[in-house]
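Biologist: Could you walk me through the aromatic side chains here, and then the nonpolar packing around them?

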Amino acid sequence: MSELRQDPTTKAWVILAPERAKRPQPKHRVRPAEDLPSWDSSCPFCPGNEDQTPPEVFRLPTSDQGAPWEVRVVPNRFAALSYGQGGDIVEEARLFRKMDGIGAHEVIIETPSHNTPIALMSYDQVEKVLIAYRERYNTLKKDTRLKFITIFKNHGWASGTSLVHPHSQVVATPIVAPAYHHQFDIAHEYYIDRSRCLYCDLLKEELDQGKRIVAQTEQFVVFHPYASHAAYETWIMPRMHCASFGVFPDMYLAQLAKALKDTLLCLYTSLDNPAFNLMVDSTLTEDEEDPYYHWHIRIVPRLTTIAGFEMGSGIYISTAMPEDTASQMRACFQKLSKKGEISLR
C-alpha cells in the first residue's frame with residue numbers, strides 16, 4: 001500500500017508508492033564514461049578550447065605539465081542573469097512588478113577530462129571542485145544586492161544539462177524564491193518555539209532511528225530523508241550546525257569531498273549512472289550566522305518524469321520507500337569499501 005508522509009522542513013506532503021515503479025518508464029541513465037572520449041575538439045570546456053568560453057573569473061592551476069588547469073570558472077555564455085546597474089523593483093501596474101535581470105550566472109568546469117564525472121574523480125579533484133564552489137560563493141556574496149546564491153549540478157539530459165563535460169553552475173539572484181522563504185520561515189518558527197535548529201533535530205532523529213542512514217563520517221552524515229520527494233533522494237549533512245556553506249570551515253572540505261564522491265559513486269554503480277540534480281542548500285547571504293538553518297547537499301536522481309499530477313497538486317510521488325533505498329545504498333557502500341574503491345563505510 002502507498003503511504004503519505006510530510007516533509008518536516010517544508011510541510012509538503014509526498015506520496016510513497018513503490019508499486020508505481022513497475023510502470024513502463026524511459027531509463028534516465030547517462031552515457032557511460034567509457035563510451036566518451038577524454039577530450040572532444042567540439043567541446044568548449046575541454047583544454048585547448050578556452051577561447052570558446054567567456055574570459056574565466058577563477059582558475060585552479062595544476063602542477064601537472066600535461067594539463068593547463070584543474071578547475072575553471074567562467075560566466076555562462078547563455079546567462080539567465082548578469083552584472084549590471086539597478087536592482088530596484090518597478091511597479092508597472094498595481095499587480096505587475098519587475099526589475100532588471102541583475103545577478104550572476106557562472107559555470108564551474110570541474111575537470112579538464114571530458115569523460116570523468118565526480119563519481120569517478122579522485123578525492124583530491126573533488127575537493128578542488130568544492131574549493132571552487134566556496135570561492136565563487138564567497139566572492140559573489142560581496143555584492144549586497146545579491147540575496148541568494150544557488151550552487152547546483154545537472155547530470156544527464158533528463159536533469160536539464162546541455163553539455164556532457166562535467167560541470168556545475170552557480171546563480172546569484174537579487175530575490176529569494178517563495179519556496180525558500182517558506183522553508184526558512186518554517187525553520188525560524190521551529191527555532192523560536194524550541195530554541196533549537198530544526199535540521200539539527202532532524203539529523204539526530206535520523207541517527208537515532210538509523211534505518212535511513214547510508215553512511216557517516218566524523219563530520220558528515222549521508223541519509224535518505226523520511227519524506228523523500230524522489231526515489232534515492234540523498235542528503236549529505238554536516239553534523240556541526242552551520243547555516244551557510246560559505247562560512248563552513250575549510251578544514252572539513254576534504255572529508256566532504258570523500259562523502260560526495262563516494263555517494264555519487266554508489267548512485268553511479270547502483271542505478272547505472274542515472275541522471276540527477278545536485279543542489280547546495282544554504283541560507284541567505286545576509287544571514288549567514290543564523291541559528292535556525294543548516295546547510296546541506298541534496299542529490300535527486302531523475303528516475304521518473306515529473307508529470308501533470310505533481311505540477312497540478314504540488315505533491316510529489318516517489319516510487320520507493322527511503323528505508324529500502326537506504327538499505328540498498330548501504331550495501332553498495334559496504335561492497336565498494338571491501339574492494340577498496342571508497343573510503344566511507
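Modeller: Let me fix the rule before the count: rings of Phe, Tyr and Trp, with the six-membered ring standing for Trp, pair if their centres lie within 6.5 Å, and planes over 60 degrees apart count as edge-to-face. Please keep in mind that this is a predicted model.

Biologist: How many aromatic pairs does the count come to by this rule?

Modeller: The count comes to 11 aromatic pairs. In one of them, the ring centres of tyrosine 199 and tyrosine 293 are 5.0 Å apart and the planes stand at 70 degrees, so this pair is edge-to-face.

Biologist: Where do tyrosine 199 and tyrosine 293 lie?

Modeller: Tyrosine 199 belongs to helix H3 (residues 198-209), while tyrosine 293 is in the loop between strand E13 (276-281) and strand E14 (296-301), so the pair ties together parts that are 94 residues apart in sequence.

Biologist: And is tyrosine 199 buried or exposed?

Modeller: Tyrosine 199 has 0% relative accessibility and therefore counts as buried, and tyrosine 293, also at 0%, counts as buried.

Biologist: What about phenylalanine 248 and tryptophan 295, how are their planes set?

Modeller: Their planes are at 75 degrees with the ring centres 5.2 Å apart, so that pair is edge-to-face. Phenylalanine 248 sits in the loop between strand E12 (234-238) and helix H4 (253-270), and tryptophan 295 in the loop between E13 and E14, so parts 47 residues apart in sequence are tied together by the pair. Phenylalanine 248 is buried at a relative accessible area of 1%, and tryptophan 295 is buried at 0%.

Biologist: Which residues do ring pairs link into a cluster?

Modeller: The cluster linked by ring pairs is made of Tyr137, Phe220, Phe245, Phe248, Tyr252 and Trp295.

Biologist: Switching to charges, what lies over the face of phenylalanine 245?

Modeller: That is arginine 134, at 5.8 Å from the ring centre. Elsewhere, lysine 258 lies over the face of tyrosine 123, at 5.9 Å from the ring centre.

Biologist: OK, now the packing: which residues of the largest nonpolar core touch the most other members?

Modeller: In that core of 58 residues, they are Ile236, Leu256, Leu260, Leu264, Trp295 and Ile299, and H4 gives the most to the core, with 10 residues.

Biologist: What does tryptophan 295 touch, leaving out residues up to four places away in sequence?

Modeller: With those left out, the residues that tryptophan 295 touches include Phe220, Met237, Phe245, Phe248, Leu256 and Val280, and also the polar-named entries Ser244, Asp281 and Ser282. Apart from the largest core lies another, of 21 residues, among them Leu203, Ile213, Ala243 and Tyr292.

Key:
Residues are numbered from 1 along each chain as its sequence is written. This is a predicted model: local features need pLDDT of at least 70, side-chain atom pairs count only at pLDDT 80 or more; totals for chains, interfaces and linings use all residues. Side-chain values use heavy atoms; hydrogens and water are left out. Rings of Phe, Tyr and Trp (its six-membered ring) pair if their centres lie within 6.5 Å; planes under 30 degrees apart count as stacked, over 60 as edge-to-face and the rest as tilted. Helices (H or I, at least four residues) and strands (E, at least two) are DSSP runs, numbered from the N terminus. Buried means under 20% relative accessible area, exposed over 50%, partly exposed in between (1.4 Å probe, protein chains only). A charge sits over a ring if NZ of Lys or CZ of Arg is within 6 Å of the ring centre and within 35 degrees of the ring normal. A nonpolar core is a set of buried Ala, Val, Leu, Ile, Met, Phe, Trp, Tyr and Cys residues joined through side-chain atoms within 4.5 Å. Contact means heavy atoms within 4.5 Å.
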